[in-house]
Amino acid sequence: MAAMAPPSAPPAEVPSYFLCPISLQLMRDPVTLPTGISYDRAAISRWLASPASAASSSSRTCPVTRQPLEPELQLTPNHTLRRLIGSWIATLSPGSGVDEEEVAALRPVHRDELASLLSDAAAAQVGALRKLGELVAECDHRRAMLESQDGVFDVLSRVLTGASACSTAREEAVGVLASLRIPEQDLVRIVSRHGNLAQSLTAVLRSSNLQSRAQAVRLVRALADVSVPAWVIGLDQELLAEVIRVVRDRVSTRATKAALHALSALCPYGRNRVKIVGAGAVPALVELLLDEPERRVCELALAVLDRLCTCAEGRAELVAHAAGVAVVGKKVLRVSEAASERAVRVLRSVARHAATPAVLQEMAQAGVVGKLCLALRSELCGVKTKEKVHEVLKLHSRVWRTSPCLSPKFLALYPS
């Protein structure tokens, strides 16, 4: 008679505080909001990026408490909870009833395993590159382990720029690079070693994969922030046009912010400003502002527009757009003090250097002059911003005071 098999152990019950309140799955990378509630990083990041998380204004809310959250929220890693989850995982045995994939994702990764994956990635193996991307996305600890691996940045940049790598391998390499915190000296080294870096990034930015485009523009931003001037100035218009296309296509809020940061970092060089304008930046920025974006996006868009309007080509594009001057004036006193300051700077550039009779008439009819009068009396504008407002109004007061669109208050402020 056959021996009876020993009774199986009862399924392990996952402690409720190890489960993400959103996904109801075991947390891989627990983070805590200012409300005190912990979530899995991937789940809360998706929640915060979704329109459904917005409250009546531009604020976002905690899914559990429904308390409003700051727009520029920083997620705080919950290391204590992560250690508790790790200790609990270590006690599990095969057949415990817990999802094996979740358990495998939370088990420690050894350096030998990372070195093996990196070796396969060096040969442009898509599977290895994708696995590296998954490890980096799972938690900060694994990302830090990969960042400390010798030669990791060189390996990934060689895949990105290598002639033998397929487009999918390049996209995966960009994804990993964009997720890593690359030291400044390594970014400069990447630029100096790979002369075709800009062309490779342009190819990824042209991909139909929206996630790859978002990751590529984040890498462009990092390179623009620290790279040597010769590389930045030498960028061709094709790459700049693809960065602008990320703004125009609204790939994601994060990608839009990264693209705007990149354009801002590239603007200080006069030749680049002309190329950025030529690539269609001004109409893209105006259309973005017309869509009433969130506060930080609006501030960044106005900051880039301010820099572009320091050149004649940028000002010409702005006044040529049917809604250009009007939408900039609309942002004064409406978004934030920083946005008002940038908008006033743009309007001052127009008033100084592009003030044709038609433009001056448009500023009066579109309510821009009236908004500037309000700014002059408002406590929401700083002293320096008010000085710029006063300069604009005084510069063309003789023209504007005859306009039927303005109230008597303007005539009192600027008598003839």
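Here is a short tour of the model, from the whole chain down to one helix and then out to the low-confidence stretches.

Before clicking, note that this is a predicted model: local features need pLDDT of at least 70, side-chain atom pairs count only at pLDDT 80 or more, and totals for chains, interfaces and linings use all residues. Numbering runs from 1 along each chain as its sequence is written, and side-chain values use heavy atoms, with hydrogens and water left out.

Start with the whole protein chain in cartoon view. You'll find 25 helices and 5 strands (DSSP runs numbered from the N terminus: helices are H or I with at least four residues, strands are E with at least two). Switch on a surface: about 20300 Å² is exposed, with 53% of it from carbon and sulfur atoms (Shrake-Rupley method, 1.4 Å probe; for residues, only the protein chains shown count as cover). Of the 416 residues, 49% are buried, meaning under 20% relative accessible area with a 1.4 Å probe, protein chains only.

Next, select residues 197–205, helix H10. Because 7 of its 9 residues are buried, H10 is largely enclosed by the rest of the structure. Show sticks for the buried set: Leu197, Ala198, Ser200, Leu201, Thr202, Val204 and Leu205. Now add their packing partners, including H7 (152–161), H8 (167–179) and H11 (210–226).

Finally, colour by pLDDT, the predictor's confidence in each residue from 0 to 100. The chain's mean is 85, and 87% of residues reach 70 or more. Select 1–10: pLDDT is below 50 there, with 1 contact (heavy atoms within 4.5 Å) beyond near neighbours in sequence. Then try 52–58, also below 50, where the model has 7 such contacts.

Definitions and conventions:
Buried < 20%, exposed > 50% of the residue type's maximum accessible area, 1.4 Å probe, protein only.
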